[in-house]
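Me: I would like to learn how to read the features of a protein model, beginning with the overall make-up and moving on to sheets and aromatic rings. Could you take me through the structure below?

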Amino acid sequence: MDKLVLKYPKHFKTTEALAERIQKDFTSERDKARAIYSWIAFNIKYDYASFLNPPRTQGFSYSTEAEKQRKIQLLNDKLIQKAFTAQKAVCEGFTALYQHLAGLTGLKCEIIKGDSKTRLEDIGRKETSSNHAWNMVLIDKKWILVDVTWGQGYYDSSKGRMINDFAPIYFDTDPDYFFQKHFPDSGTYLGQKLSKEDFLNGPLIYNITIEGDHKITQPNSGLIEVKNGENITFRIKNISKTAQFFYLNKKNQPIRIENAKERKGSLEFQVTFDKNIGQFITFYLGESSIVSFKVIWK
């Protein structure tokens, strides 16, 4: 299905033309929602320059509630058209375009604003802010989570630029993983209260963590309070003890996990914490980061 969407034109004259093409090729709600996700992720690039230097917020005056809503709609239409024609946007543009195309194909879709967790420094931070946006779309009477902004790629700090890397995992993401990296401003999901403490103090997970269903079951916090020489037990799902699994010390030297045991579908192992371990510890599976913790020395 993604391969079919990849063959679509990179430019359509109108959003209606794209929606018509999607409805011609796909009939189920899920397929239409996925086709919208894929086309945006393949063709709209993240505007990192605008992220660094956001345009001044455009204000307006109004005399009635109807006039206010009309002007808000005009601003939203302008945002959608800019993302669609310039083919670059920040998360507000991605989510507005996704919602717009969903509506054109008969899908009910919402925009959710909230906090995101992407950096080591986010582990255990005290403040929370509204710095990101994503979508929820109704598929066969069930709401699913969609973050098409993260689906199109990521920022590589070592290269100083955005990397286009299609990530299907942010379409219909398992809520248990999604809310480790997202926290809605409402503090709730489908009427259920979410834990801001769990979000802020949890470990930092990565795309491969979600792709491989590598759930971290121990420790239950991203903050590891430890004394020099103390052993801490870790348990991570779906990793073999024969895998190339390691962490890096302060000198960036790989330290292979040697004492691991497989227990009930998880890899269980211990790490002795000493001064060779820095402020953070990140575990790697092959060349990919699995999970990071913040180390707090007692």
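Reply: Please keep in mind from the start that this is a predicted model. The chain has 298 residues, of which 44% are buried, and its secondary structure amounts to ten helices and 20 strands. About 16,400 Å² of the chain is exposed, with 48% of that area supplied by carbon and sulfur atoms.

Me: Among contacts between residues at least 6 apart in sequence, what share joins residues at least 24 apart?

Reply: That share is 62% in this chain.

Me: How should I read a sheet, and what is the strand order in the open sheet that contains strand 3?

Reply: As a general idea, the strands of a sheet pair through backbone hydrogen bonds, and the pairing may be parallel or antiparallel. Here the open sheet of four strands has the order 5-4-3-8, and its pairing is antiparallel. Strand 5 (142–146) and strand 8 (182–184) are at the edges, and because each has a single partner strand, one side of each lacks a neighbour in the sheet. Neighbouring strands are turned against each other by 45 degrees on average, with direction ignored.

Me: How many bridges join strand 3 to strand 8?

Reply: Strand 3 (residues 109–116) and strand 8 run antiparallel and are joined by three bridges; in strand 8, Phe-183 is the bridge partner of Asp-115.

Me: Which strands does helix 6 touch?

Reply: Helix 6 (residues 91–104) packs on the sheet and touches strand 3, strand 4 and strand 5, its direction making about 15 degrees with that of strand 4. Helix 3 lies across strand 4 (132–139) and strand 5, and runs at about 155 degrees to strand 4.

Me: What is the strand order in the open sheet that contains strand 12?

Reply: This open sheet of four strands has the order 12-14-18-17, again described with antiparallel pairing. Its edges are strand 12 (216–218) and strand 17 (261–263); each has a single partner strand, so one side of each is left without a neighbour in the sheet. From one strand to the next, the twist averages 35 degrees. Strand 12 and strand 14 run antiparallel with two bridges between them, and Ile-216 stands opposite Ile-236 in strand 14.

Me: Now the rings: how many aromatic pairs does the structure hold, and why is the pair of Trp-39 and Phe-84 called tilted?

Reply: There are 23 aromatic pairs. The ring centres of Trp-39 and Phe-84 are 5.8 Å apart and their planes stand at 35 degrees, so this pair counts as tilted, since planes under 30 degrees apart would be stacked and those over 60 edge-to-face. Trp-39 belongs to helix 3 (residues 29–43) and Phe-84 to helix 5 (residues 65–86), so that the pair links parts of the chain 45 residues apart. Trp-39 is buried at 0% relative accessibility, as is Phe-84 at 3%.

Me: Is the pair of Phe-234 and Phe-273 stacked or tilted?

Reply: Phe-234 and Phe-273 are stacked, with 6.4 Å from centre to centre and 25 degrees between the planes. Because Phe-234 lies in strand 14 (residues 230–237) and Phe-273 in strand 18 (residues 266–273), the pair ties together parts 39 residues apart in sequence. Phe-234 is buried, with a relative accessible area of 0%, and Phe-273 is likewise buried at 0%. Both belong to one aromatic cluster, whose members also include Tyr-247 and Trp-297.

Me: Which residue lies over the face of Trp-297?

Reply: Lys-275 does, at 4.2 Å from the ring centre, while Lys-117 lies over the face of Phe-199 at 5.7 Å from the centre of that ring.

Definitions and conventions:
Residues numbered from 1 in each chain as written. Predicted model: local features only at pLDDT ≥ 70, side-chain atom pairs only at ≥ 80, totals over all residues. Heavy atoms only, no water. Phe/Tyr/Trp six-rings, centres within 6.5 Å; stacked < 30°, edge-to-face > 60°. Buried < 20%, exposed > 50% of the residue type's maximum accessible area, 1.4 Å probe, protein only. Lys NZ or Arg CZ within 6 Å of the ring centre and 35° of its normal. Pairing = 2+ DSSP bridges. Axes fitted to C-alpha atoms, helices over the stretch in contact; angles between N-to-C directions. Contact = heavy atoms within 4.5 Å. Areas by Shrake-Rupley, 256 points an atom, 1.4 Å probe, with all protein chains shown as cover.
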